[in-house]
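Reader: Hello! I am new to this structure, and I would like a close look at a single part of it. Please pick one, walk me through it slowly, and then show me how it sits among the rest.

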Amino acid sequence: MPPTSPKSDSAVPTAAPELVILGAGPAGLTAAWEAMQQGIPAVVFERDDCVGGISRTVEHNGYHFDIGGHRFFTKVEEVAALWQEILGPDMLVRPRLSRIFYDGKMFDYPIRPLNALLGLGPIEAVRVGLSFLRAQLFPVREERSFEHWVSNRFGQRLFEIFFKTYTEKVWGMDCSEIRADWAAQRIKDLDLAKTLRHALIGRFANGGAVATSLIEEFHYPRRGPGMLWERCRDILSEKGIETRLESEVVAIHREGQRVRSVELRPPTTGDDGPGSSFIAEAEHFVSSLALRDLLERMQPAPPDEVLDAARSLKYRDFLTVALAVDAPDLFPDNWIYIHAPDVRVGRIQNFGNWSPEMLPNAETSSLGLEYFVQEGDELWSMEDAKLIDLAAGECEHLGFIRREQVVDGAVVRMPKAYPVYDAVYREALDTVRAWLDGFENLTCIGRNGQHRYNNQDHSMVTALRAVRNLRGAALDIWDVNVEDDYHEEVNAAQAAAEAAGVVGDRLVPQRVEAELGEELIRSVFARYVPHALGVAVGVLAALGLFIATSTLLIAGGEPMGPTLSLLGIVLFGFEVSWPGMVVGVCEAGLLGYAFGQVLARTINRVVAWQERLFRNRIELVRASALAE
């Protein structure tokens, strides 16, 4: 039967759709867009009273703010083209500036060596360098946790300074409890050596390629991400694909491994209780609902072990306190990470720096203070007025505003904003996915639909693939955002195919499946990066000589002066004087870099020799087994 609903964003009547889409966030609306392109009759149902999901934009008395900031950056050309097709000239190019607030100081992010040195001081900088060197020489071989992943690439000390406090605010758990998978998806291919290289010699160091976390500009809709998804909804409506708001899924009726219909109902209205439920039937169903919600609404219920696995999947909730401030140009950043343990705010957005049209006039500012919470906890349950007062007080405490400058405020709560990567999620997700893969006509897409911390473009790719599969394609929905090089660098084969004009599935680079044994071998016989070790040793040598020489010069240390001057035998031009120190520091850095390179290459040769011996033993064992 055709679905009927008490509230719709379109007056266009629709026949029974071929496709029902649950959720009107980026994934759901992209699925509807692709259905429109493919000529598939479809309808979208959304629980909230607006579209965009976590990518919505909220307007309050002329001030616009996001639920978190949303950069529009992608290496998937088809997604970029779709954004441009929907918004055209309303998609702006904006400069990026983000910094870290730590110990009362502002640090550039991505890290810049001189900025970090001046902010941390020479002693702390040496500790960071030594920690990084130790991580390069003695890394944690099995990266199970977020702490392991970051420490291996930045060193334990830099992890403690710039990652630990903020990350534990976001997730509400110790970094040792967060799986390395999360870091691997969110900050892939970014390490201290690459950060230093980018800062020192720029983006041309790697043929122009730059890690996602290092991008210096991005696209952004003129009035926030919600503008894009609202226009997408309007275009779909004109083409006959409705988006029906305030329609909550209460049951998913199935026969075996086939969904027959979805039961929905509008929200409670006044004293009348909930509205009458209605049924939507279709041939195919695409869902961006959180997996836990999806399985709990299945009728009949899934097997106990599957339902238990779904219920063990956890989420982190989120609330934004928007402050309207009667002062312009508070700070130049798009956003600031707050690493101060004495406040509860985790990040502060300055929406006027995302786009000037987020403000009613140029003499004001719109700040978004982000709090990472659990639904029902103290902050989540706090009255809006008290939250606004808390946010204004914390913003004043940090030195960004005066409390009396706040003239208005608003609060938006977002449940299930972030899927949690804890110690049990992987096994639970595998159990849920194995059961869902058996369905003939149900596909899960998007961040919560796959319990994967996808970016917006990744969620859109899962939607495009899901709909194309309805027309005979055989695209893997689950391999989006898992390849090592997808997020950060363009695959060479892909680039060559594009240059040659080859048409095909280029949404993400081809995934290469490796046997577990091969992965273990690679992890055990991991190689060092010569450039990284060279940079680490060079920086440490230069810093050490700088600190030793400058200390003597400031203190007037005669006893050690002649001894230190002996380094002039190796470092030509070095002497215990300010000009001699400059020459010596440069030479020490170069010699340290060369030594680090030679050391890494030597270690790699030894490791390669050991790996060959190990592989030869494996072949002998296999040959013996075959002979038997």
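Author: Welcome! Of the 628 residues of the protein, 52% count as buried, where buried means under 20% relative accessible area, exposed over 50%, and partly exposed in between (1.4 Å probe, protein chains only). This is a predicted model, in which local features need pLDDT of at least 70 and side-chain atom pairs count only at pLDDT 80 or more, while totals for chains, interfaces and linings use all residues. Residues are numbered from 1 along each chain as its sequence is written, and side-chain values use heavy atoms, with hydrogens and water left out.

A little more of the overall setting will help. The protein contains 22 helices and 20 strands; these are DSSP runs numbered from the N terminus, with helices (H or I) of at least four residues and strands (E) of at least two. About 28,400 Å² of the protein is exposed, and carbon and sulfur atoms supply 55% of that area, computed with the Shrake-Rupley method and a 1.4 Å probe, with only the protein chains shown counting as cover for residues. Among contacts (heavy atoms within 4.5 Å) with a separation of 6 or more, 73% join residues 24 or more positions apart.

Now for the close look, at helix α1. This helix covers residues 26-38, and its 13 residues should span 18 Å at 1.5 Å a residue; the end C-alpha atoms are 18 Å apart, which agrees. The expected span is 1.5 Å times one less than the number of residues. Just after α1 comes G39, whose phi is positive, near 75°.

How well covered is α1? It is mostly covered, with 11 of its 13 residues buried. Follow the chain and you will meet the buried ones in this order: P26, A27, G28, L29, T30, A31, A32, W33, E34, A35 and M36.

Pause at G28, which belongs to α1. With a relative accessibility of 0%, G28 counts as buried. Setting aside residues up to four places away in sequence, G28 touches I21, G23 and I445. G52 lies 24 residues from G28 in sequence, and their C-alpha atoms are 9.0 Å apart in space.

α1 also packs against another helix, α9 (residues 225-238), at an angle of about 30° with the axes 10 Å apart. The axes here are lines fitted to C-alpha atoms over the stretch in contact, and angles run from 0 to 180 degrees between N-to-C directions. That makes α1 roughly parallel to α9, since angles under 35 degrees count as roughly parallel, over 145 as roughly antiparallel, 65 to 115 as roughly perpendicular and the rest as oblique. Their crossing is left-handed, that is, the near helix is turned anticlockwise from the far one by less than a right angle (clockwise would be right-handed). On the α1 side, the residues that meet α9 are P26, L29, T30, A32, W33 and M36. Their partners in α9 are W229, C232, I235 and L236. A general point helps when you look at a list like this: an α-helix has 3.6 residues a turn, so residues three or four places apart point the same way.

For comparison, here is another pair of helices: α4 (residues 122-137) and α20 (residues 530-555) pack at about 150°, with axes 9 Å apart. That makes α4 roughly antiparallel to α20. The contact involves P122, A125, V126, G129, L130, F132, L133, Q136 and L137 of α4, together with A532, L533, A536, V537, L540, L543 and I547 of α20. The crossing of α4 and α20 is left-handed.

Helix α17 (residues 456-469) is another covered helix, with 13 of its 14 residues buried. From first C-alpha to last, α17 reaches 20 Å, close to the 20 Å expected at 1.5 Å a residue. The loop between α16 (446-449) and α17 holds H451, which has a positive phi of about 50° although it is not a glycine. At 1% relative accessibility, H451 counts as buried.

D329 also has a positive phi of about 50° without being a glycine. D329 sits in the loop between β15 (315-325) and β16 (335-338), and at 71% relative accessibility it counts as exposed.
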